[in-house]
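Colleague: Before I rely on the labels attached to this model, I would like to hear the reasoning behind each of them, with the value set beside the criterion.

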Amino acid sequence: MAVALASKDPDADLPYTIDASPWLNGGNLTAADFVGFPVGLTLYSKVFESTGLITFWLGGGTVGQNYQWVLRLTTDVQDPVSLQFLKDDRTVTISVAEK
């Protein structure tokens, strides 16, 4: 499942929040990593709560561009066979437009 964020102005430095709680399989979020974060956007900071809320601050971007990266979620739920903690990837997309 992909996550589409509201478009941003290239001059705006704003927080965005993703609620990952539906994807945690009844567990707690233990890590939220951005994989392949795109050149052209600035990631100022990122915090997450065990409940699944992930808040991050973005800046920059070029008008007319769409940016994508992978949000990798790790939970405290273990697979009973492999004993690995469950992970899930979601593609995040944001477009940049003058506002």
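Modeller: Let us begin with L73, which is found in strand β6; please keep in mind throughout that this is a predicted model.

Colleague: Why does L73 count as buried?

Modeller: Its relative accessible area is 1%, and the term applies to values under 20%, so L73 is buried. As for its position relative to I94, the two are 21 residues apart in sequence, and their C-alpha atoms are 19 Å apart in space.

Colleague: How many aromatic pairs are there, and what makes the pair of F34 and W69 tilted?

Modeller: The count comes to 6 aromatic pairs. For F34 and W69, the ring centres are 5.6 Å apart and the planes stand at 55 degrees; pairing asks for centres within 6.5 Å, while planes under 30 degrees apart would be stacked and over 60 edge-to-face, so an angle of 55 degrees leaves the pair tilted.

Colleague: Why can one say that this pair ties together separate parts of the chain?

Modeller: F34 belongs to strand β3 (residues 29–35) and W69 to strand β6 (residues 66–78), so the parts that the pair ties together are 35 residues apart in sequence. Both residues are also buried by the 20% limit, with a relative accessible area of 15% for F34 and 2% for W69.

Colleague: What makes the pair of F56 and W69 edge-to-face?

Modeller: The centres of those rings are 6.3 Å apart, which satisfies the pairing limit of 6.5 Å, and their planes lie at 90 degrees, which is over 60, so the pair is edge-to-face. This pair, too, links distant parts of the chain, with F56 in strand β5 (residues 53–60), W69 in strand β6, and their positions 13 residues apart in sequence. F56 is buried, as is W69.

Colleague: Which residues form the aromatic cluster, and how do you know that the charged end of K46 sits over the ring of F34?

Modeller: The cluster is formed by Y16, F34, F37, F56 and W69. The charged end of K46 sits over the ring of F34 at 5.5 Å from its centre, and the distance criterion for such a placement is within 6 Å.

Colleague: In what order do the strands of the open sheet follow one another, and why are β1 and β3 described as standing at its edges?

Modeller: The open sheet is formed by 4 strands in the order β1-β7-β6-β3, with mixed pairing. β1 (3–4) and β3 each have a single partner strand, so one side of each is left without a neighbour in the sheet.

Colleague: How do you know that β1 and β7 count as paired?

Modeller: They are joined over 2 bridges, in the parallel sense, with β7 spanning residues 85–95; the requirement is at least two bridges, so the two strands pair. V92 in β7 is the bridge partner of V3.

Colleague: What makes the contact of D89 and R72 a salt bridge, and why is it said to tie parts of the chain together?

Modeller: The side chains of D89 and R72 meet at 2.8 Å, N to O, and the limit is 4 Å, so the contact qualifies as a salt bridge. D89 lies in strand β7 and R72 in strand β6, so the parts tied together are 17 residues apart in sequence. The whole structure has 2 salt bridges, and R90 and D88 form one of them, at 2.7 Å, N to O.

Colleague: Are these four residues buried or exposed?

Modeller: With buried ending at 20% and exposed beginning over 50%, D89 at 37% is partly exposed, R72 at 30% is partly exposed, and D88 at 24% is partly exposed, whereas R90 at 11% is buried.

Colleague: Which residues form the nonpolar patch on the surface, and why is V47 called partly exposed?

Modeller: Y44, V47 and W57 form the patch, and together they have about 290 Å² of accessible area. V47, placed in strand β4 (residues 41–48), has a relative accessibility of 46%, which falls between 20% and 50%, so the term is partly exposed.

Colleague: What is the phi of N25, and why does this residue count as exposed?

Modeller: N25 has a positive phi of about 55 degrees although it is not a glycine, and it is found in the loop between β2 (14–19) and β3. Its relative accessible area of 57% is over 50%, so N25 is exposed. L83, in the loop between β6 and β7, is not a glycine either and has a positive phi of about 65 degrees; at 54%, L83 is likewise exposed.

How values were computed:
Residues numbered from 1 in each chain as written. Predicted model: local features only at pLDDT ≥ 70, side-chain atom pairs only at ≥ 80, totals over all residues. Heavy atoms only, no water. Buried < 20%, exposed > 50% of the residue type's maximum accessible area, 1.4 Å probe, protein only. Lys NZ or Arg CZ within 6 Å of the ring centre and 35° of its normal. Patch = residues over 30% accessible without salt bridge, like charges linked within 9 Å, V, L, I, M, F, W, Y side chains within 5 Å. Areas by Shrake-Rupley, 256 points an atom, 1.4 Å probe, with all protein chains shown as cover.
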